[in-house]
Amino acid sequence: MIGVGVVGAGYWGPKLIRNFAAAKGSRMEAVCDLQYERAARWGSEYGVGVVTDDHTELVSCPEVQLVVVATPCYTHHRLALDAIRRGKHVLVMKPLTTTVEHAEELVYEAERQGVMLAVDHTFVYTGAVRKIRELIEHGELGEILYIDSVRINLGLFQPDVNVVWDLAPHDVSIIDFVLDGREPLEVSTIGAKHASSPTENIAYVTLRYSKELLAHVHVNWLAPAKVRQMIIGGSKKMVIYDDVEPSEKVRVYDKGVEISHENNGSADPEYAMFVQYRAGDMHAPKIGGREALAVEVDHLLECIRNGAKPVADGVAGLRVVQILSAAQQSVDAGGVPVQIAHQAPNRKSEARGR
């Protein structure tokens, strides 16, 4: 049995407590929250032995092998680093950290300690997103031309992060997963603040992967309806992924366009270009309907037992933080493109932490 301790019993923590308590091969050993009453409530419901408002008590518990950090993102680095240095495996909510330097340090320290570092990019464990990656891997969509994603709703305004850091991690992690970790060259982002908000509540993020491949993410806290939709255009087929759709979340369209330039004797370039449209069938592939968190929990427990790398490991979390940081720099600079400096985790982190 793998002993689990969850730090943070607010919105997302109880969902993780429920799934780890139900999973085969794990046992909930400790729950921590600054509001002791919240920790006590969930500890009582699931028969947890250690209930505390002090995270050091949880990470010091010898029965806890996996520490789950479900707290505000500005606390992730400190809490995760403490657990890692005590030899604990760690699962951190999205985003991994709020700075690239801190994310690099966590990745390096986990490697140095020989423990698992995973990030709760929940959507990469959904049947829909896994099906999309499978379609791309098998070449069914052809060359990927663009990805266009919309994640909007009314609220919830966050006091510690803007809409980019709150909502965009979901879309960026999905794009990172379906493109198999391919990294963009640059990021450009424009954002705006409304309703006396101190942070951006609407933003448009553009990722340039090459001259041919663009990804665009629209995030918004001021929309009248909840929309969770992603369109992936390929040279052979196209996909619409609608997470709000109750049944056919993934639809594959056999549609496309072919442009050829032939010398037909015409001097007019308009008549020398031939555009041919293809409009075939649509089909909705069967996808697994199991709760993504349950899939994630089973996967992480298996990784701990076998020493395997998680699907959403620390390096994947670092890539997402690099993109979010570049997006924030672009927002602050008025939307100018910001190049992403792809680099290995900072080996100086060990010296900084000692």
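Here are a few worked exercises on the structure above.

The model is predicted, so local features need pLDDT of at least 70 and side-chain atom pairs count only at pLDDT 80 or more, while totals for chains, interfaces and linings use all residues. Residues are numbered from 1 along each chain as its sequence is written, and side-chain values use heavy atoms, leaving out hydrogens and water.

**Exercise 1: aromatic pairs**

Find the aromatic pairs in the whole structure and classify them.

Step 1. Get the rule straight: rings of Phe, Tyr and Trp (its six-membered ring) pair if their centres lie within 6.5 Å, and planes under 30 degrees apart are stacked, over 60 edge-to-face, the rest tilted.

Step 2. Run the search, and two pairs turn up. Tyr 11 and Trp 12 have ring centres 5.8 Å apart and planes at 40°, so this pair is tilted.

Step 3. Check the cover, where buried means under 20% relative accessible area, exposed over 50% and partly exposed in between (1.4 Å probe, protein chains only). Tyr 11 is exposed at 66%, and Trp 12 is partly exposed at 26%.

Step 4. Phe 157 and Trp 221 also make a tilted pair, with centres 5.1 Å apart and planes at 45°. This pair links distant parts of the chain, 64 residues apart: Phe 157 sits in the loop between β7 (144–154) and α7 (163–178), and Trp 221 in the loop between β10 (214–220) and β11 (222–234). Helices (H or I, at least four residues) and strands (E, at least two) are DSSP runs, numbered from the N terminus.

Step 5. Phe 157 is partly exposed at 37%, whereas Trp 221 is buried at 0%.

**Exercise 2: salt bridges around α7**

Which salt bridges tie helix α7 to distant parts of the chain?

Step 1. Set the cut-off: a side-chain nitrogen of Lys or Arg within 4 Å of a carboxyl oxygen of Asp or Glu. The structure holds 18 such bridges.

Step 2. Take Lys 94 and Asp 166, which meet at 3.7 Å, N to O. Lys 94 is in the loop between β5 (89–93) and α5 (100–113), and Asp 166 is in α7, 72 residues apart. Asp 166 is buried, at 15% relative accessible area.

Step 3. Now go to Asp 171 and Arg 151, bridged at 2.8 Å. Here α7 supplies Asp 171 and strand β7 supplies Arg 151, 20 residues apart. Asp 171 is buried at 1%, and Arg 151 is buried too, at 5%.

**Exercise 3: the cover of α6**

How many residues of helix α6 (residues 127–137) are buried?

Step 1. Count them: eight of the 11, so the helix is mostly covered.

Step 2. List some names: among the buried ones are Val 129, Ile 132, Leu 135 and Ile 136, along with Lys 131 and Arg 133.

Step 3. Look just past the end of α6, where Gly 139 has a positive phi of about 80°.

**Exercise 4: a nonpolar patch**

Which residues make the nonpolar surface patch of about 410 Å²?

Step 1. Apply the filter: patch residues have over 30% relative accessible area and no salt bridge, with like charges joined within 9 Å and nonpolar side chains (Val, Leu, Ile, Met, Phe, Trp, Tyr) within 5 Å.

Step 2. Read off the members: Val 257, Ile 259, Val 275 and Tyr 277.

Step 3. Map them to strands: β13 (250–261) and β14 (273–283) each supply at least two patch residues, with Ile 259 lying in β13.

Definitions and conventions:
Accessible areas come from the Shrake-Rupley method with a 1.4 Å probe; for residues, only the protein chains shown count as cover.
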